[in-house]
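Here are some notes to read alongside the model, written for someone opening it for the first time. Have a look around before you start on the points.

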Amino acid sequence: MEYRGYFYKEIEVKDYNGNRATMFKCSDVDLLEHTDTSSFTKFTEERMKEAIDNYIDNVDYYKELKVLTYNATKEFLQK
C-alpha cells in the first residue's frame, strides 16, 4: 500500500488469547530517516495515513529532535 509516496502494509497479529486482528505497519526507510524509529504500527488505515502526514509535515521537528536526542545521549554516556 502507498500513501504520499511512502509504503506500508497490512499485517495480521494475535493477542495473548489467540484472537486475530488486522493492523498496518510502516517501515519505510525514507519516511523514518530523521527519526530513531525503524517501524511503527497503527490499528486503522486512517491512523496510518495521519501518522505518515505527521512525519512528512513535521520533518524539521523530527530532524531537530534527532539531534537533541543524539546530544543528550552523548552527554549522558560521558558521565
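The points below go through a helix, the salt bridges, the aromatic rings and a surface patch.

1. First, a reminder: this is a predicted model. Please read each point with that in mind.

2. A good place to start is helix α1, residues 45-57. The helix has 13 residues and spans 18 Å from its first C-alpha to its last, close to the 18 Å expected at 1.5 Å a residue.

3. Which residues of α1 are buried? They are Met 48, Ala 51, Ile 52 and Tyr 55. Looking down the helix axis, you'll find these buried residues within an arc of 100 degrees, so they line one face of α1. Glu 46, Arg 47 and Asp 57 are exposed on the other side.

4. Now for the charges: there are four salt bridges in the structure. One of them joins Arg 4 to Asp 57, at 3.5 Å from N to O. That pair links distant parts of the chain, with Arg 4 in the loop between β1 and β2, Asp 57 in helix α1, and the two positions 53 residues apart. Arg 4 is partly exposed, since its relative accessible area is 42%, while Asp 57 has 53% and counts as exposed. Asp 53 belongs here too, as Arg 4, Asp 53 and Asp 57 are linked in a salt-bridge network.

5. Arg 47 also has a partner, Glu 50, with their closest N and O atoms 3.3 Å apart. Both sit in α1, three residues apart, which is about one turn of the helix. Arg 47 is exposed at 51% relative accessibility, and Glu 50 is partly exposed at 37%.

6. Don't skip the bridge between Glu 12 and Arg 20, where N and O are 2.6 Å apart. Glu 12 is exposed at 53%, and so is Arg 20 at 57%.

7. On to the rings, where the structure holds four aromatic pairs. Phe 40 and Tyr 55 make a tilted one, with centres 5.3 Å apart and planes at 50 degrees. Because Phe 40 is in strand β5 and Tyr 55 in helix α1, this pair ties together parts 15 residues apart in sequence. Both residues are buried.

8. Tyr 61 and Tyr 62 form an edge-to-face pair, 5.1 Å between centres and 75 degrees between planes. Tyr 62 is buried at 16% relative accessible area, whereas Tyr 61 is partly exposed at 48%. Together with Phe 40 and Tyr 55, these two tyrosines form one aromatic cluster.

9. Finally, Tyr 61 is in helix α2 (residues 59-78). With Leu 65 and Leu 68, Tyr 61 makes up a nonpolar surface patch of about 310 Å² accessible area.

How values were computed:
Residues are numbered from 1 along each chain as its sequence is written. This is a predicted model: local features need pLDDT of at least 70, side-chain atom pairs count only at pLDDT 80 or more; totals for chains, interfaces and linings use all residues. Side-chain values use heavy atoms; hydrogens and water are left out. Patches are made of residues with over 30% relative accessible area and no salt bridge: like charges are joined within 9 Å, nonpolar side chains (Val, Leu, Ile, Met, Phe, Trp, Tyr) within 5 Å. Accessible areas come from the Shrake-Rupley method with a 1.4 Å probe; for residues, only the protein chains shown count as cover. A salt bridge is a side-chain nitrogen of Lys or Arg within 4 Å of a carboxyl oxygen of Asp or Glu. Helices (H or I, at least four residues) and strands (E, at least two) are DSSP runs, numbered from the N terminus. Rings of Phe, Tyr and Trp (its six-membered ring) pair if their centres lie within 6.5 Å; planes under 30 degrees apart count as stacked, over 60 as edge-to-face and the rest as tilted. Buried means under 20% relative accessible area, exposed over 50%, partly exposed in between (1.4 Å probe, protein chains only). The expected span of a helix is 1.5 Å times one less than its number of residues. The arc is that of the directions from the helix axis to the C-beta atoms.
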